[in-house]
Amino acid sequence: MTFDDIVTFLLEEKVTPTHQQLVQWIDRYPQFAEELSDYFAEWAVREEMGDDDEVAEPRSERFANIGVSHALNLLHVRKPKAALVHAAESKATTLAQLCKGAGLSLTSLADRVRLDEEILMKLDLSRIVAGSIPRRVANMLAMTLGASTAEIWHILSASPRPTSKGALQKSRQRAQVRTESFEDAIRSSSLPSELRNEWLRSIDEGTGPP
């Protein structure tokens, strides 16, 4: 699916450029949050100001103001206020902890970032080699969880963890936690083939911390 497809849906459903509609459509297609915000902001300007030449010059300034307003409102709507205030100072060390702070489960997070729950569990346990993870994954996680990309990469780059601490305590030898590449995780996932191929293509866009 492309953003052009989303625009077609907007036209077919006769959506109006309101903030409420913007939030609903970002919830439906979180991977296009930035594009939707920009599109709705410009759309709102055109609705409010029309296309007269007389307003052409101040249009860009008004667009900037409305765009900033949408962005700020969006942040407050999509993330609980307390979590938003502390996002930059979060001491979360796992994706699960970030999910809890954002009022999400790993299952709902998986739906929003278009990965399956098993891959999210592997990412949460740092079982996928950070250098193989597409930057798109980190960007989408950061956007959805209200965290910085640096915080996401810090979590994804941590030492791999076992499923339970008890498993480590029972072992007399140093535990060897199995890791894998993002590509291998995607190929063995339960995702639809079209979505698997999309994620495999994203690897070419860049992987690992910037």
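Two rings of Phe, Tyr or Trp (its six-membered ring) are counted as a pair if their centres lie within 6.5 Å. The model in the viewer is predicted, and the tour begins with its aromatic residues.

**First stop: the aromatic cluster**

Select Phe 3, Phe 32 and Tyr 39, which together form one aromatic cluster. Across the whole structure, a search finds five aromatic pairs. Within this cluster, display the rings of Phe 3 and Phe 32: their centres are 6.0 Å apart and their planes meet at 45°, so the pair is tilted. Colour the backbone next. Phe 3 belongs to helix α1 (residues 3-12), while Phe 32 sits in the loop between α2 (19-28) and α3 (33-49), so the pair ties together parts that are 29 residues apart in sequence. With a surface displayed, are Phe 3 and Phe 32 buried or exposed? Both Phe 3 and Phe 32 are buried.

**Second stop: arginines over tryptophan rings**

Select Arg 28 and Trp 25. Arg 28 lies over the face of Trp 25, at 4.1 Å from the ring centre. Then select Arg 136 and Trp 199, where Arg 136 lies over the ring face of Trp 199 at 5.7 Å from its centre.

**Third stop: Arg 127**

Move to the loop between α8 (117-124) and α9 (135-145), where Arg 127 is located. Arg 127 has a relative accessible area of 17%; the limit for a buried residue is under 20%, and Arg 127 is therefore buried. Add Phe 182 to the selection. Arg 127 and Phe 182 are separated by 55 residues in sequence, and their C-alpha atoms are 9.4 Å apart in space.

**Fourth stop: helices α7 and α9**

Two packed helices are described by the angle between their axes and the distance between the axes. Select helix α7 (residues 106-113) together with α9; their axes come within 10 Å and cross at roughly 120°. The two helices, α7 and α9, are therefore oblique to each other. The crossing in which α7 passes α9 is right-handed. Which residues of α7 and α9 meet? Show side chains for Leu 109, Arg 112 and Val 113 in α7, which meet Met 140, Leu 141, Thr 144 and Leu 145 in α9.

**Last stop: helix α13**

Select helix α13 (residues 193-202), whose buried residues are Leu 195, Glu 198, Trp 199, Leu 200 and Ser 202. Trp 199 is the ring visited earlier beneath Arg 136. Finally, add α7, α9 and α12 (182-187) to the display: the buried residues of α13 pack against these helices.

Technical notes: Residues are numbered from 1 along each chain as its sequence is written. This is a predicted model: local features need pLDDT of at least 70, side-chain atom pairs count only at pLDDT 80 or more; totals for chains, interfaces and linings use all residues. Side-chain values use heavy atoms; hydrogens and water are left out. Rings of Phe, Tyr and Trp (its six-membered ring) pair if their centres lie within 6.5 Å; planes under 30 degrees apart count as stacked, over 60 as edge-to-face and the rest as tilted. Helices (H or I, at least four residues) and strands (E, at least two) are DSSP runs, numbered from the N terminus. Buried means under 20% relative accessible area, exposed over 50%, partly exposed in between (1.4 Å probe, protein chains only). A charge sits over a ring if NZ of Lys or CZ of Arg is within 6 Å of the ring centre and within 35 degrees of the ring normal. Axes are lines fitted to C-alpha atoms, for helices over the stretch in contact, and angles run from 0 to 180 degrees between N-to-C directions. Angles under 35 degrees count as roughly parallel, over 145 as roughly antiparallel, 65 to 115 as roughly perpendicular and the rest as oblique. A crossing is left-handed if the near helix is turned anticlockwise from the far one by less than a right angle, and right-handed if clockwise. Contact means heavy atoms within 4.5 Å.
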